[in-house]
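Q: I'd like a close look at a single part of this protein, with its surroundings added afterwards. Please keep the words simple and explain each term as you go.

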Amino acid sequence: VYTMIVRRWDKDSYFYALHFGVLFGVVTILGMMMPFVLEPGVVFDGRSIVLSIAGIFGGPLTALVAASIAAVYRVSIGGTGIYVGLATIIFSAAFGIAYFYLLRRDKKLLTPLNLIIFSLLLNLLNLYLFTFIPGLSTAVIINKLAPPILLLYPPATVIIAYVISAQEARINAEIKLRENEQRLKKTQEIANIGSWELDLISGTLTWSPEVFNIFGVETDQFQPGYESFLQLVHPADRKRVDQAYQSSVQEGLDCYEIEHQIVRPVSKELRYVHERCEHIKNKTGKIIRSVGMVQDVTERKLIENKLRYISLHDQLTGLYNRAYFEEELKRLHKSREYPVTIISADTDGLKLVNDTLGHSEGDKMLITCAEILRNSLREGDILARIGGDEFAAVLPGVDAGTGEIIYGRIKENTISYNHNSSSLPLSLSVGMATAENSGDGTLFDLLKTADDFMYREKMDHRSSTRNQIVQALMVALSERDFIAEGHADRVQDLCRQMGIKAGLTSSQLSDLALLAQVHDLGKVGIPDYILFKPGPLSEVEWATMRMHPEKGYRIASASPDLAAVAELILKHHEHYDGQGYPLGLSGEAIPIECRILSIVDAYDAMTNDRPYSNARSQIEAIAEIKKFAGSQFDPLLVRIFIAIIEPRS
């Protein structure tokens, strides 16, 4: 009955204490109803044992319930020993409660010796209480009652205590086992781990529910078996998995681990799993059963594959990186794949594009170069981006003649791209070197030779490539919508008239005319959302806009045709009072060509529609020019300008 109580309710619950108390109270009554009579007046009913045990294992409430039930029954019996009987009940329960609290402090106190001492003290007290029973002499108590009580009650207490302790321990173990099973099941679900067992005698394979989930099959529609399991393994891994298991059995290994792919039969989804198997052997050492776990490691494998890809590839172009390329050079040097040809390639003009149009445009150029090279090589060739604008390819089994054909294909594909594309012209400097056998030096030496040839070609390309890019930028400048129709021609005409009036030399007039055409060249690198913004620019946008003189300077410096006006482009937004940009020059330190352009450009901007303002009248524009004479504009040149403009009005 006690076992049923413990199984049903938690030991610290109210219901446990109540039912436990009732149980021990009823047992006490049964003992009192069926006492052992040694002789008339000498009776044993064991109430002290039962009630003290109730206190020891049930605590105060249990002992109180049991004692109350026993006390009610004892009162109902009546007799001259009623008060001594009630006192025995009370003291037995109280001793059990006291021992209960001692056990809470130290579980080690529940020992046979301690229980015997406990029972002796309790029953000595009870024997003393018997002296108060009328008609019961001390001699009878000492000679008749004391020996059996003091000899039998302590071991009986120990036996009952240990029977209950054993029951509690067994039930607690069962509860812990169930909890651990539930915890293990939940942990397996969270970790995507399943367990399996294969009986090699019967050939029976059993799976936990999580294995069915991992393999994507229904428990009622799929019968686990070794062959049916192999059918779920990816064909590329099937033989390897089978051989690993069979070898572990044949060699008598204790365990083995393997990772492989599976294909879920319904969704056709590819998953990665990790399996660990341990073999169980009989007394002769023969493996009779295999138990194992299987874990879904797809997410981990995908991350590993991604990290492996990142470690070996260039993130921008998707080509191999320098680390992988150098490892391949080491590997191929010791191989039999000679002859080996190495091609080195460099993107011409990338720095100019980065400086003027930004790195996003430069990245597009690099991606295009990578595509041209990839499409020019064979499928098995190893192509890598080994530097900022540098590419290299190693071609195993390619002699010098075949290398020349591939070299020519790269050039043809580059020309074809430039012919069919409206983007910036693309130029690749390419070098090539071939080693007929490993005795011709290391492949790193061969790469250096290819680099040397590439740099020679780059020197020949440098001026023409930059000029082609500058010309393309000039075309882009002329097509930008922010330039009002006829703006450059109007500015050029007025600048020429002012230059003549100001006494410029013919060389200065030529530079001024070219400056009027290309002074805004740097604006090809300014985003459209800034150039076309109808409202005021933010501080960040102004900072970007103020960079265009420097961008224009870099572009012009790269072109022999524009190099003469590069300095003028850089300084064309300087103010007479030193408040301009980017250098903060003032007065005569600003070239006169820039001071003239500053006035004419401002006048033309005010008298024509712009994204940020409507056109003003000529009178309003002249008034504005006069207002800023001496601050933004050279006052002497302002007077010359007005003398030219006012007769037209």
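How many of the eight residues of helix 13 are buried?

A: Happy to help! A word on the source: this is a predicted model, where local features need pLDDT of at least 70 and side-chain atom pairs count only at pLDDT 80 or more, while totals for chains, interfaces and linings use all residues. Residues are numbered from 1 along each chain as its sequence is written, and side-chain values use heavy atoms, leaving out hydrogens and water.

Helix 13 spans residues 350-357, and six of its eight residues are buried (under 20% relative accessible area, with over 50% being exposed and in between partly exposed; 1.4 Å probe, protein chains only). Helices (H or I, at least four residues) and strands (E, at least two) are DSSP runs, numbered from the N terminus. The helix 13 residues to look for are Leu350, Leu352, Val353, Asn354, Thr356 and Leu357. With those six buried, helix 13 is mostly covered. Just after helix 13 comes Gly358, and its phi is positive, near 100°.

Now step back to strand 8, residues 340-347. Strand 8 belongs to an open sheet of four strands, ordered 9-10-8-11 with antiparallel pairing (two strands pair if DSSP finds at least two bridges between them). At the edges sit strand 9 (382-385) and strand 11 (428-435), each pairing on one side only. From one strand to the next, the twist averages 15°. Strand 8 and strand 10 (residues 390-396) run antiparallel and are joined by seven bridges. You can find one of these by starting at Ala345, whose bridge partner in strand 10 is Phe391.

Helix 12 (residues 322-333) lies across strand 8, strand 9 and strand 10. Helix 12 runs at about 145° to strand 9 (axes are lines fitted to C-alpha atoms, for helices over the stretch in contact, and angles run from 0 to 180 degrees between N-to-C directions).

For another buried residue, try Ser248, which is found in helix 10 (residues 235-250). Why does Ser248 count as buried? Ser248 does so because its relative accessibility is 1%. Leaving aside residues up to four places away in sequence, Ser248 touches Leu253, Tyr256, His279 and Ile287 (contact means heavy atoms within 4.5 Å).

Finally, here is a pair of helices to compare on screen. Helix 17 (residues 487-502) packs against helix 25 (residues 635-645) at an angle of about 120°, and their axes are 10 Å apart. On the helix 17 side, the residues that meet helix 25 are Leu494, Gln497, Met498, Lys501 and Ala502. Their counterparts in helix 25 are Leu637, Ile640, Phe641, Ile644 and Ile645.
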